[in-house]
Amino acid sequence: MNLTLLPLLQQLLLVLAAIVLFLSFVLLAQVRLISAIHAFAWQGALVAAVTAVVAATGQVHHLYFSAALTLALKALLIPWMLHRLTRRLELERHTESLQSPALVTMGAVALVIFSYWLVLPMIHAEMTFTRNIIAISLAVVLIGLLMMVFRTQAVAQVLGFMSMENGLFLAAVSATDGMPLVVELGVAFDVLVAMVLFGVFFLQLRDSIDSLDVDRLNRLRETGGDSQ
Amino acid sequence: MTPLMLVLLTPLLGALALGLLRRPVVAGWFNLGVSVISLGGALWLGAAVAVTGEVSGTLGAQLFGPSAGLGFRVDAFNVYLVVLTAFVGVTTSIFSRPYMRYVLEIGRIGPRRMRTYHSMYQLFMFTMLLALTTDNLGVMWVAVEGATLATVLLVSLYRTPEAVEAAWKYFILCGVGIALALFGTVLTYFAAQQVIADPAAGLTWSTLYANADGLEPAVMRLAFVFLLVGYGTKVGLVPMHQWLPDAHSEGPTPMSAVLSGLLLNVALYAVVRLKMLVDGSLAETASPHLAGQLLMGFGLVSFLVAGLFLHRQRDIKRMFSYSSIEHMGLMTFAFGLGGPLATFGALLHMLVHSLTKSAIFITVGHAAHIAGTQSIDQIRGLIRTQPAVGWSLLIGVAAIAGFPPFGVFMSEFLLLTATMKSAPWFTLALLSGLAVAFAGLFRHIHPMVYGVPPEGQQPVEANMIPVAVHLSLVLWLGLAIPGFLADWLDRATLLITGAHLL
């Protein structure tokens, strides 16, 4: 696959997508919660930029709207809500180190390779652009998943969840010129409602286990059930 | 379109109104009224489908253009699930009214959370009916995710640490699962764009189904894996089932009844619809039955593992949620097996399992109120304290365990026959799984029903009408499937497998 033969705008898209992937790694290993939220906001902004570039290349007008929606939702509103919640829960200075950061990062690298391995035979070799972009989005989704597994702090898990959404959106926008508008609006609405509910849950978690460390959620076991 | 609007808009508007209604007693009745109207709409829709064979339409076509609006398609396969969903919605709201009033009286929740409860109940019904009736795979995804969002606050309704933990697990696991399903949906859309000219129609199920043979097999194969893992999380397939027993056991009992009886069905419905697409796409390749084989594998593992876990449970609602996983596994296996007989059996099993399981959860709710706990060790002698509850539990468990003459026996018998015909060795696994599950249920049920009741155990005010209705329906389906229903299921079988059974 010779990337330099692609049209310039597609090359730009690939660069942007690569930075999105890089930010996934940043999110994965970032110990300070506030910085992680900032990294997530940048990731959202980049996805919005990708959407805008796709809209400009393909003359797809409804994508301008999606770009604005993504920017508003993923780069501004959700990070702002998370910011406010961390301040309210007094977690601004909260740091959380991974158990073994090197291993987890290696795992993420392996996931990127795995994504390429999965996607390469699937799409014809002449569609270099699509192949790369789908592989990158899949990698972003899987790294988000990895983050949700290895981070034990509730806010960090939510960041992982939201960055999975970013990966999905990246795939939808760049491989297929965006989903139909009804679906896109529905997905955006679901994400927003999910964020509000996550906020509610942070408060409920703090009230019930006095911390947001979800490793402490261990009352429900297989043979447990003697709850009362 | 009119009956469809009635089915969809009633719960949506009902949810909004219930969110504003301040008096819990009125809200209980109002909730029941909304459910009854939805059921009326569903029956009307059923009649329309019976006459015309298929009802379809587009909402908002003027706004977004003819193919970009919200398309609906109701055929023999989903209409019976719509009627079933609306029906269980009514009977559960009959049960929920006095049950939740009791919960309010003993002070487990306040009037504000009662409002959330009623509003979310109807919103949940709306999302499920939307997921069933929509023709757009993307909207279906939005609706299934919406069902998670609507129920997650209900799981944590009691705000005990256990309930919050269960809700968090439910939220995160189903959120992740459903995100993977969205990736599968995007891949499907990508495959569709190579064959379907109109980009806006690329997620419309009927268009995709008509062009299924042109969809790129390599893409669809990967897409189906993501879709199966995603929606399979909501079906409760092992190993993605971790959320299910927690969410069922910690939420209020009416919620367990609708989650177990309806949500799992809707997720399985989504999987089957997608399997139909993938089968069309893979028909010409070297592995035409890949989707079916995946379903059989996941289904069989869920069926066997859940049967074993039944033995280890200490919480009565957890036990029955494992029984749900077991039955969903059986249905998934049957849909994977394919063929008219197995599909017919699986469709019938969806119906009887929903009816029986929601009846059981309603009974369990009363039993837990009698004993004051959900712990199996402390529920004793129900039949002496309150014969109605004891007998219902016994009959319900007999029905779910597959005793003749109940409907579950019928459908399991059909499934076993189909398995014997096309994959004889699996019969052994199925039979031993059924025996293990049977033993698991009865070793726990026996002391709960017949044991010596603790001193001072008092009967509670219980409304057994929904249970009686459900169990008699299951009995009726076991003795004689009415002609119109058999015809209906046969048409659904024709739709899924391309061949008649009857």
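Helices here are DSSP runs of H or I with at least four residues, and strands are runs of E with at least two. On that basis chain A of this predicted model comes to seven helices and zero strands, so that, read along the sequence, its pattern is α-α-α-α-α-α-α.

Let me stay with chain A for a moment. Its C-alpha atoms fill a box of roughly 65 × 35 × 35 Å along the principal axes, and its radius of gyration, 19 Å, agrees with the value near 17 Å that a compact globule of 228 residues would have. Of those 228 residues, 46% count as buried, and among contacts with a separation of 6 or more, 72% are between residues 24 or more positions apart.

Now to the interface, where 46 residues of chain B are in contact with 42 residues of chain A. On the chain B side, helix 6, helix 7, helix 9 and helix 10 each supply at least two residues, with the largest share, 17 residues, coming from helix 7 of chain B. By class, that side has 27 nonpolar, 10 polar and nine charged residues.

I would like to look at one helix pair in detail, namely helix 7 of chain A, residues 181-209, and helix 6 of chain B, residues 137-155, whose axes come within 9 Å and cross at roughly 15°. Because angles under 35 degrees count as roughly parallel, these two helices are described as roughly parallel to each other. The contact includes Val187(A), Val193(A) and Leu197(A) from the one helix, and Val142(B), Leu149(B) and Leu153(B) from the other; by class, it has 11 nonpolar, three polar and two charged residues.

Definitions and conventions. Residues are numbered from 1 along each chain as its sequence is written. Chains are lettered from A and ligands numbered from 1 in the order in which they are written. This is a predicted model: local features need pLDDT of at least 70, side-chain atom pairs count only at pLDDT 80 or more; totals for chains, interfaces and linings use all residues. Axes are lines fitted to C-alpha atoms, for helices over the stretch in contact, and angles run from 0 to 180 degrees between N-to-C directions. Angles under 35 degrees count as roughly parallel, over 145 as roughly antiparallel, 65 to 115 as roughly perpendicular and the rest as oblique. Two residues are in contact if their C-beta atoms, placed from the backbone, lie within 7 Å. Ala, Val, Leu, Ile, Met, Phe, Trp, Tyr, Cys and Pro count as nonpolar, Asp, Glu, Lys and Arg as charged, and the others, Gly among them, as polar. The radius of gyration is taken over C-alpha atoms; the globule rule is 2.2 Å times the number of residues to the power 0.38. A residue is buried if 20 or more other C-beta atoms lie within 10 Å of its own, exposed if 12 or fewer, and partly exposed in between; C-beta atoms are placed from the backbone.
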